[in-house]
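Please open the model in your viewer and keep the sequence panel visible. The tour moves from the whole chain to a ligand site and then to a single residue.

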Amino acid sequence: MTLLTVNGLTKSYTGARGVLALSDVSLAIAPGETLGLIGPSGCGKSTLARVLARLVPADQGSVTFDGQDWLALHGGALRRARGRLQMVFQDPAAAFHPRATAGGAITEALRLQSPLAAPARRLRMAELLAQVGLDADFAHRPLRDLSGGQRQRVAIARAIATGPKLIILDEAVSALDAGVRGQVLDLLVDLQKRLGLSYLFIGHDIAVVRAISHRIAVMEAGRIVEEADAEALLRAPQSDMARRLIAAVPSIKGTIP
Ligand SMILES: Nc1ncnc2c1ncn2[C@@H]1O[C@H](COP(=O)(O)OP(=O)(O)OP(=O)(O)O)[C@@H](O)[C@H]1O
């Protein structure tokens with residue numbers, strides 16, 4: 001059974017120099033599974049994320065998500081469905097007003113989903129903050145005063161607020177220091193187990209992607225050039241791009257024969 005099935009997705013950007021950002025991309029993600037997506041800068045990872053999140057339209061191809069023809073949803077049906085597929089970006093604070101509070105960011109997501117009266121909303125907020133390891137008083141703290149790791153915890157709380165089945169994490173831990181990154185990855189694994197979430201985990205560092213992914217898809221110039229179980233891919237990469245990404249990480253390159 002799959003939660004997400006992508007078939008033949010193609011997307012080009014028009015403009016001065018037209019770019020084929022996605023070329024016949026197909027992949028699948030099962031419930032409770034993490035698919036890592038890795039590739040060099042500009043290979044199309046964020047474009048795939050944005051097409052799946054319905055932020056930009058595809059030129060061709062189909063997406064079935066949670067049993068629905070995902071690209072065919074529009075208007076109210078799309079608004080209602082959005083909560084089931086959430087995104088976390090590298091710097092979520094960038095999307096908010098400088099004085100926005102953690103609580104405000106989460107409330108916005110709660111409001112989109114279901115209208116809760118103020119007391120119920122406060123309770124749900126405290127519950128969501130606890131789920132990501134933050135005290136309830138974080139609700140009142142401005143996002144700009146939080147550390148990078150705390151901000152990502154708030155972004156994750158916001159993402160799970162709507163009861164999603166899939167979260168797309170687009171370079172979500174890339175800006176964090178190694179120690180904090182490990183803690184946020186642990187949190188993601190823990191939430192996945194508790195909530196049965198699936199993840200599409202986008203990154204450019206194969207050591208980080210491997211730490212959380214069950215399977216890994218390798219992208220190059222808009223195409224998926226290889227897909228395999230995470231450990232199999234690390235042990236026996238088939239594509240030049242996978243070999244190059246592995247060679248770029250000194251700590252794991254020695255483990256590849
Ligand atoms: N809005 C846009 N208009 C025109 N070209 C774009 C646009 N967004 C992305 N591109 C181009 O599409 C290609 C894929 O970009 P995309 O951001 O999806 O790659 P990426 O793998 O996520 O890169 P990075 O890791 O640097 O974020 C690149 O050549 C990029 O320059």
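The stops below each name a selection and describe what is found there.

**Before starting.** Residues are numbered from 1 along each chain as its sequence is written. This is a predicted model, in which local features need pLDDT of at least 70, side-chain atom pairs count only at pLDDT 80 or more, and totals for chains, interfaces and linings use all residues. Colour the chain by pLDDT, the predictor's confidence in each residue, from 0 to 100. The chain has a mean pLDDT of 93, and 98% of its residues reach 70 or more. The model scores are ipTM 0.97 and pTM 0.95.

**Stop 1: the whole chain.** Display the cartoon: there are 10 helices and 10 strands, taken as DSSP runs (H or I, at least four residues, for helices; E, at least two, for strands) and numbered from the N terminus. The chain is as compact as a globular protein of its length, because its radius of gyration of 18 Å is close to the 18 Å that the globule rule gives for 257 residues. That radius is taken over C-alpha atoms, and the rule is 2.2 Å times the number of residues to the power 0.38. The C-alpha trace spans about 55 × 40 × 40 Å along its principal axes.

**Stop 2: residues 4–246.** Select this span, which an unreviewed UniProt entry annotates as "domain: ABC transporter"; such annotations may be inferred rather than shown by experiment. The span is 38% helix and 26% strand, and its end C-alpha atoms lie 27 Å apart.

**Stop 3: the ligand.** Select the 13 residues around the ligand, of which Tyr 13, Ser 41, Lys 45, Ser 46 and Thr 47 come nearest; a residue is near if its C-beta atom, placed from the backbone, lies within 6 Å. Strand 2 (19–29) and helix 1 (45–52) each give two or more residues to this shell, and helix 1 gives the most, with 3.

**Stop 4: Asp 66.** Go to the loop between strand 4 (60–65) and strand 5 (68–69), where Asp 66 is found. Is Asp 66 buried, partly exposed or exposed? Asp 66 counts as partly exposed because it has 16 C-beta neighbours inside 10 Å; 20 or more would make a residue buried, and 12 or fewer exposed. Beyond its neighbours within four places in sequence, Asp 66 is in contact (C-beta atoms, placed from the backbone, within 7 Å) with Leu 3, Arg 84 and Lys 165. Finally, draw the C-alpha to C-alpha distance from Asp 66 to Arg 84: 8.5 Å in space, for 18 residues in sequence.

Conventions: Two residues are in contact if their C-beta atoms, placed from the backbone, lie within 7 Å.
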